[in-house]
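Reader: I am new to this structure and would like a close look at one part of it. Please start there and then work outward.

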Amino acid sequence: MIYPYKDKIPKIAESAFIADYVTITGDVIVGDETSIWFQTVIRGDVAPTIIGNKVNIQDLCCLHQSPNNPLILEDEVTVGHSVVLHSSIIRKKALIGMGSIILDQAEIGEGAFIGAGSLVPPGKKIPPNSLALGRPAKVVRTLNSDDIKDMERIRREYVEKGQYYKSLQQTT
């Protein structure tokens, strides 16, 4: 379901895949070839949510904001199942592991990997190309070439799957 909020209407790229039972409200922008998967909620009724190109937001995620604090996901971000993102910045090619929570004014660096179940507290900065995990999340090491290849594979597969499902929507 796509809902306006007051004078704000979600802007969704024509090439984006929005699965059934997704809710998007208000001041939300969704970029090209982005995929938003089943039962995700993205509310733009407090501040803007800006989602770049080729982003994948997997099943059961919740995206929201605090007043005057937008939520920004740059291009090619992967957001695992059941993640909560709140008024934070997720830089290009970062991966947020399943069940993680990223809170207000946290910033996840370009190409960083947040391990499953992690909690990134308000204002925390995770450096680029690093693995951080735990509650609260702490940087444990720099990513290696295998990590980076696996993150790229996940991104690529989600773009492909999203476009496949998008083609099914267009034929029904």
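What relative accessibility does C62 have, and does it count as buried, partly exposed or exposed?

Author: C62 has a relative accessibility of 34%, and that makes it partly exposed. The scale is simple: buried is under 20% relative accessible area, exposed is over 50%, and partly exposed lies in between, with a 1.4 Å probe and protein chains only. One caution comes early. This is a predicted model, where local features need pLDDT of at least 70 and side-chain atom pairs count only at pLDDT 80 or more, while totals for chains, interfaces and linings use all residues. Residues are numbered from 1 along each chain as its sequence is written, and side-chain values use heavy atoms, with hydrogens and water left out.

Now take the neighbor in sequence. C61 is buried, at a relative accessible area of 1%. C62 is in no disulfide, and its nearest cysteine sulfur, in C61, is 8.7 Å away. A disulfide here needs two cysteine sulfur atoms within 2.5 Å. The sulfur of C61 has C62 as its closest cysteine partner at 8.7 Å, so the gap is too far for a bond. A search of the whole structure finds zero disulfides.

C62 also belongs to a strand. Strands are DSSP runs of E with at least two residues, helices are runs of H or I with at least four, and both are numbered from the N terminus. Two strands pair if DSSP finds at least two bridges between them. C62 of β8 is the bridge partner of V41. Strand β8 covers residues 62-64, and two bridges join it in parallel to β6.

Follow β6 next. It spans residues 41-51, and seven parallel bridges tie it to β4, residues 23-30. In that pairing V28 has T49 of β6 as its bridge partner. β6 also pairs with β9, again parallel, over three bridges. There, I51 is matched with L73 of β9. In general, strands of a sheet pair through backbone hydrogen bonds, either parallel or antiparallel.

Now turn to another sheet. Eight strands build it, open, in the order β3-β5-β7-β10-β13-β16-β19-β20, with mixed pairing. Its edge strands are β3 (17-18) and β20 (137-142), each pairing on one side only. At the β3 edge, two parallel bridges connect β3 to β5, residues 35-36. F17 has S35 of β5 as its bridge partner. At the β20 edge the sense is antiparallel: β19 (130-134) and β20 share five bridges. These two strands form a hairpin with two residues between them. G134 and A137 of β20 are bridge partners.

Charged side chains come next. A salt bridge is counted when a side-chain nitrogen of Lys or Arg lies within 4 Å of a carboxyl oxygen of Asp or Glu. By that rule there are eight. One of them joins R43 and D45, N to O at 3.0 Å. R43 is partly exposed at 34% relative accessibility, and D45 is partly exposed at 21%.

R91 has two such links. With E74, the closest N and O atoms are 2.5 Å apart. That pair links distant parts of the chain: R91 is in the loop between β12 (89-90) and β13 (95-96), E74 is in the loop between β9 (71-73) and β10 (78-79), and they are 17 residues apart. With E107, the closest N and O atoms of R91 are 3.0 Å apart. E107 sits in strand β15 (107-108), 16 residues from R91. Shared partners join E74, R91 and E107 into one network. R91 is partly exposed at 26%, E74 at 24% and E107 at 22%.

Finish at helix α1, residues 145-171, which holds Y165. D150 is in helix α1 as well. D150 is partly exposed, at 34% relative accessibility. Its side chain makes a polar contact with that of R153 at 2.7 Å. Such a contact is a pair of N or O atoms within 3.5 Å; within protein, one must be able to donate a hydrogen and the other to accept it, and residues adjacent in sequence count only if both atoms are side-chain atoms.

Y165 is partly exposed, with a relative accessible area of 34%. Y164, Y165 and L168 form a nonpolar surface patch of about 290 Å² accessible area together. Patches take residues with over 30% relative accessible area and no salt bridge, joining like charges within 9 Å and nonpolar side chains (Val, Leu, Ile, Met, Phe, Trp, Tyr) within 5 Å. The areas come from the Shrake-Rupley method with a 1.4 Å probe, and for residues only the protein chains shown count as cover.
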